[in-house]
Amino acid sequence: MAAAGPAQLQVAFEDVALYFSRREWELLSRPEKQLYRNQMLRNYQALVFLGSSGSTPDLIHWIEVGEAELWIRDAEAPGKAPGQRAPPQQGLGSREKRGDRVNVGEHRR
């Protein structure tokens, strides 16, 4: 009988990222916004450490360039499709969404 290896799990940054609407973002305090930025960076760094490759996710790009407003356009906005991103001066930019995945359980020290 063969020994079972570690469980394999496909994870992309989008699976562990959290997004806020403009209304939700405005309800956060300054320390909560900073905690959010730090945690999203840690999530991304963990995936890179585990072997994720590919383009930098939009959210990480906007955090790294110092974007102050990290919300996505509300799905209820008139004339806008659900999940459509706001222009940079109004929140997250419109860079293409990526789905790079990494196998969790594959990495060994």
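**Reading a predicted chain**

Modeller: Of the contacts in this chain between residues at least 6 apart in sequence, 63% join residues at least 24 apart. Please keep in mind that the model is predicted.

Colleague: What makes up the secondary structure of the chain, and in which order do the elements run?

Modeller: The chain has four helices and four strands. Starting at the N terminus, their order is β-α-β-α-α-α-β-β.

Colleague: How much of the chain is buried, and what area does the chain expose?

Modeller: Of the 109 residues, 30% are buried. The exposed area is about 7300 Å², of which carbon and sulfur atoms supply 51%.

Colleague: Which residues have the most contacts inside the largest nonpolar core?

Modeller: They are Phe13, Trp25, Tyr36, Met40, Leu59 and Leu70, in a core of 16 residues. Helix H3 (30-49) and helix H4 (58-64) each contribute at least two residues to this core. Met40 shows how such contacts reach along the chain: leaving aside residues up to four places away in sequence, Met40 touches Phe13, Val16, Ala17, Leu18, Leu59, Ile60 and Ile63.

Colleague: How many aromatic pairs does the structure hold, and why is the pair of Phe13 and Tyr44 called edge-to-face?

Modeller: There are four aromatic pairs. The ring centres of Phe13 and Tyr44 are 6.0 Å apart and the planes stand at 85 degrees. A pair requires centres within 6.5 Å, and planes over 60 degrees apart count as edge-to-face. Both conditions are met, so the pair is edge-to-face.

Colleague: What does this pair tie together?

Modeller: Phe13 belongs to helix H1 (residues 13-16) and Tyr44 to helix H3, so the pair ties together parts 31 residues apart in sequence.

Colleague: Why is Phe13 called buried, and why is Tyr44?

Modeller: Buried means under 20% relative accessible area. Phe13 has 5%, and therefore counts as buried. Tyr44 has 15%, and therefore counts as buried too.

Colleague: What makes the pair of Phe20 and Trp25 a tilted one?

Modeller: Their centres lie 6.0 Å apart, with 55 degrees between the planes. Stacked pairs need planes under 30 degrees apart and edge-to-face pairs over 60, so a value between these limits is called tilted. Phe20 and Trp25 are both buried, and ring pairs link them with Tyr36 into a cluster.

Colleague: How do you know that Arg22 and Glu26 form a salt bridge?

Modeller: The distance from N to O between their side chains is 3.2 Å. The cut-off is 4 Å, so the contact qualifies as a salt bridge. The structure holds one salt bridge. Its two residues, Arg22 and Glu26, lie in helix H2 (residues 22-27), four residues apart, about one turn of the helix.

Colleague: Why is Arg22 placed in its class of accessibility, and why is Glu26 placed in its own?

Modeller: Exposed means over 50%, and partly exposed lies between that limit and 20%. Arg22 has 42%, and so counts as partly exposed. Glu26 has 51%, and so counts as exposed.

Colleague: Which elements have the lowest and the highest mean pLDDT?

Modeller: Strand E4 (residues 101-104) has the lowest, 46, and H3 the highest, 95. For the chain, the mean pLDDT is 73, and 59% of the residues reach 70 or more. Over residues 78-90 the pLDDT is below 50, and this stretch has 28 contacts in the model beyond near neighbours in sequence. Over residues 93-109 the pLDDT stays under 50 as well, with 57 contacts beyond four places in sequence.

Methods. Residues are numbered from 1 along each chain as its sequence is written. This is a predicted model: local features need pLDDT of at least 70, side-chain atom pairs count only at pLDDT 80 or more; totals for chains, interfaces and linings use all residues. Side-chain values use heavy atoms; hydrogens and water are left out. Buried means under 20% relative accessible area, exposed over 50%, partly exposed in between (1.4 Å probe, protein chains only). Contact means heavy atoms within 4.5 Å. Accessible areas come from the Shrake-Rupley method with a 1.4 Å probe; for residues, only the protein chains shown count as cover. A nonpolar core is a set of buried Ala, Val, Leu, Ile, Met, Phe, Trp, Tyr and Cys residues joined through side-chain atoms within 4.5 Å. pLDDT is the predictor's confidence in each residue, from 0 to 100.
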